[in-house]
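User: Could you take a close look at one part of this model for me? I would like a connected account of a sheet and its surroundings.

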Amino acid sequence: QVRLVESGGGLVQAGGSLRLSCVVSGSFFGTNAMGWYRQAPGKERELVATVITDGTTHYADSVKGRFSIDRDNAKNTVSLQMNSLKSEDTAVYYCNVRSESPGFEFDYWGQGTEVTVST
């Protein structure tokens with residue numbers, strides 16, 4: 001069974017930084033995407049950033065230049081460095097791992113970690 005555990009959320013002032021980490025335990029196979037999504041109060045969950053097994057990254061326009069995602073395939077971890085935080089970054093951040101390989105279908109989520117940016 002695959003389990004994702006996030007850490008690193010908290011309260012930070014606007015302009016500050018936080019680093020989120022996610023440890024993925026359990027077995028999964030094939031090319032996959034690890035990523036971070038967020039859900040602000042009253043809004044739908046949205047993509048923040050993803051990184052595929054080969055290191056290819058994708059960022060939401062709203063975080064480009066401020067956030068950086070990286071993964072360690074040997075340790076099955078994915079991290080999100082968040083700089084120059086804004087109040088609109090306040091949300092619950094969820095770690096995700098999903099298959100990018102035909103024939104391997106999986107999509108796992110963590111429980112979420114809360115990030116609050118104060119002004």
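Analyst: Happy to! Two strands pair if DSSP finds at least two bridges between them, and helices (H or I, at least four residues) and strands (E, at least two) are DSSP runs, numbered from the N terminus. Please keep in mind that this is a predicted model, where local features need pLDDT of at least 70, side-chain atom pairs count only at pLDDT 80 or more, and totals for chains, interfaces and linings use all residues. Residues are numbered from 1 along each chain as its sequence is written, and side-chain values use heavy atoms, with hydrogens and water left out.

The sheet is open and has 4 strands in the order β1-β3-β8-β7, with antiparallel pairing. At its edges lie β1 (3–7) and β7 (67–72), each pairing on one side only. On the β7 side, 6 bridges join this strand to β8 (residues 77–82), and the two run antiparallel. Within that pairing, I69 has L80 in β8 as its bridge partner.

I69 also leads us to T50, since I69 is among the residues that T50 touches, along with M34, Y37 and R98, not counting residues up to four places away in sequence (contact means heavy atoms within 4.5 Å). T50 sits in strand β5 (residues 46–52). With 7% relative accessibility, T50 counts as buried (under 20% relative accessible area; exposed is over 50%, partly exposed in between, with a 1.4 Å probe and protein chains only).

Back in the sheet, β3 takes part in a disulfide (a pair of cysteine sulfur atoms within 2.5 Å): C22 in β3 (residues 18–25) is linked with C95 in β9 (residues 91–99), 73 residues apart. Their sulfur atoms are 2.1 Å apart, and both cysteines are buried. The torsion about the S-S bond is about -90°, so this disulfide is left-handed.
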